[in-house]
Amino acid sequence: MSARPSPRPAVAARSVGRVAAPSQGAAAVAAPVAMALYEQVKDHISRKIQEGVWRAGDRLPSENELVTQFGISRMTVNRALRELVEQGRIVRVAGVGSFVAEDKPQSTLLQIANLASEIRQRGHDYRCDVLAVERISAALEVAAALDLRTGESVFHSLCVHREDGLPVQLEDRYVNPRQVPQFAAQDFTLLQPSEYLVRNVPFDQIEHVVDAVMPTAEQATLLEMSPQEPCLLLTRRTWSRGVPITVVRCLHPATRYRLGSRFRADGNPVAG
């Protein structure tokens, strides 16, 4: 009489173990897939903006419309919109909706930017309104910045830089006459002060300091903006062999301009 094969419960148990494992793996995979849903909404909106389907100021579909379109929760849509706001791609107005943000030009912080060239490279019209070029007595703050005595003579220039007619920078500059004795004799309608200094006065050190400030009433008028809107203030100083050349305050309406840089780990800027 031949013996029947005995049952193999141990193998069956191992088989059950193999079935259970994929179930755990599926749960682990489910989380990233769910997380990707808000990225899907972000990519959709960003692509429409990039392609020009939605332009600056255009109203985006409502949260409810996006919920219906993508078949996802309102919380997921809200997260996508919130992150787009943080990235500066859209703006949200309570009770009104979401809109494509204005595209704000960005200027470098690592180098002395040629504002005229930056604007023209974007295919826009550049203009510099020279409001003042004069020789004045240095106030305490200016004298300290230029390593001069209070009341000592300095050059002062005031300019408004425009992109397509809209003011994007108010340049308030003081120049050390010992370093640039011919500054006030220049025709700055042909070559703006910053470009003149970069071309003609060698420098070996630059200091940049950025502050968020509210404009004075006079500054707001010159920049054709509301005095209740914030500004970015870039204060720059340059030196040659330890002697200050110039100190300039560049005031930008925060809604029209931004400052930033991309650079390698060695501190050198990335070209292009």
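## A tour by selection

Begin at Arg 178, which is exposed at 56% relative accessibility. The model is a predicted one, and residues are numbered from 1 along the chain as its sequence is written.

**Arg 178 and Glu 152.** Add Glu 152 to the selection. The side chains of Arg 178 and Glu 152 meet in a salt bridge, with N to O at 2.4 Å. The two residues are 26 apart and link distant parts of the chain: Arg 178 is in the loop between strand 6 (166-175) and helix 6, and Glu 152 is in the loop between helix 5 (140-145) and strand 5 (153-163). Is Glu 152 buried or exposed? At 15% relative accessibility, Glu 152 counts as buried, whereas its partner Arg 178 counts as exposed at 56%.

**Strand 5 and its partners.** Next select strand 5, residues 153-163. Strand 5 is mostly covered, with 10 of its 11 residues buried. Now show strand 4, residues 126-137, which pairs with strand 5 in the antiparallel sense over 11 bridges. To check the register here, pick Glu 134, which stands opposite His 156 in strand 5.

Then show strand 6. How many bridges pair strand 5 and strand 6? There are nine, again in the antiparallel sense. On this side, Leu 158 stands opposite Asp 172 in strand 6. Strand 5 and strand 6 form a hairpin with two residues between them. Centre on Asp 164 in the turn, where phi is positive at about 50°.

**Helix 6 and a nonpolar patch.** Go on to helix 6, residues 193-200, and select Val 198 within that helix. Val 198 is partly exposed, with a relative accessible area of 41%. Add Phe 203 and Ile 206, and turn on the surface: with Val 198 they make a nonpolar patch of about 220 Å².

**Helix 2 and Arg 92.** Move to helix 2, residues 63-70. Glu 63, Leu 66 and Phe 70 are buried in this helix. Looking down the axis of helix 2, the buried residues fall within an arc of 65°, so they line one face of the helix. An α-helix has 3.6 residues a turn, so residues three or four places apart point the same way. Just after helix 2, stop at Gly 71, which takes a positive phi of about 65°.

Return to Glu 63 and add Arg 92. These residues form a salt bridge, the closest N and O atoms being 2.4 Å apart. Arg 92 lies in strand 1 (residues 90-93) and Glu 63 in helix 2, so the pair ties together parts that are 29 residues apart in sequence. Glu 63 counts as buried at 13% relative accessibility, while Arg 92 counts as partly exposed at 34%.

**Helix 1 against helix 3.** Select helix 1, residues 9-50, and pick out Leu 37. What does Leu 37 touch, leaving aside its neighbours within four places in sequence? Leu 37 is in contact with Ile 72 and Thr 76. The C-alpha atoms of Leu 37 and Thr 76 are separated by 7.2 Å, although their positions lie 39 residues apart along the chain as a separation. Leu 37 counts as partly exposed at 30% relative accessibility.

Further along, select Lys 42 and Glu 83, whose side chains meet in a salt bridge at 2.9 Å, N to O. Glu 83 lies in helix 3 (residues 74-86) and Lys 42 in helix 1, so the pair ties together parts that are 41 residues apart in sequence. Glu 83 is buried, with a relative accessible area of 17%, and Lys 42 is buried too, at 7%. Add Glu 39 and Arg 79 to see a network of salt bridges that links them with Lys 42 and Glu 83. Side chains of opposite charge can pair when their charged atoms come close.

**The whole chain.** Finally, zoom out. The protein chain has seven helices and 10 strands, and 13 salt bridges are counted. Of its 272 residues, 37% are buried. The accessible surface comes to about 16,300 Å², and carbon and sulfur atoms account for 53% of that area. Among contacts with a separation of 6 or more, 60% join residues 24 or more positions apart.

Conventions
Predicted model: local features only at pLDDT ≥ 70, side-chain atom pairs only at ≥ 80, totals over all residues. Heavy atoms only, no water. Helix = DSSP H or I, 4+ residues; strand = E, 2+ residues; numbered from the N terminus. Buried < 20%, exposed > 50% of the residue type's maximum accessible area, 1.4 Å probe, protein only. Contact = heavy atoms within 4.5 Å. Areas by Shrake-Rupley, 256 points an atom, 1.4 Å probe, with all protein chains shown as cover. Patch = residues over 30% accessible without salt bridge, like charges linked within 9 Å, V, L, I, M, F, W, Y side chains within 5 Å. Salt bridge = Lys/Arg side-chain N within 4 Å of Asp/Glu carboxyl O. Pairing = 2+ DSSP bridges. Arc of directions from axis to C-beta.
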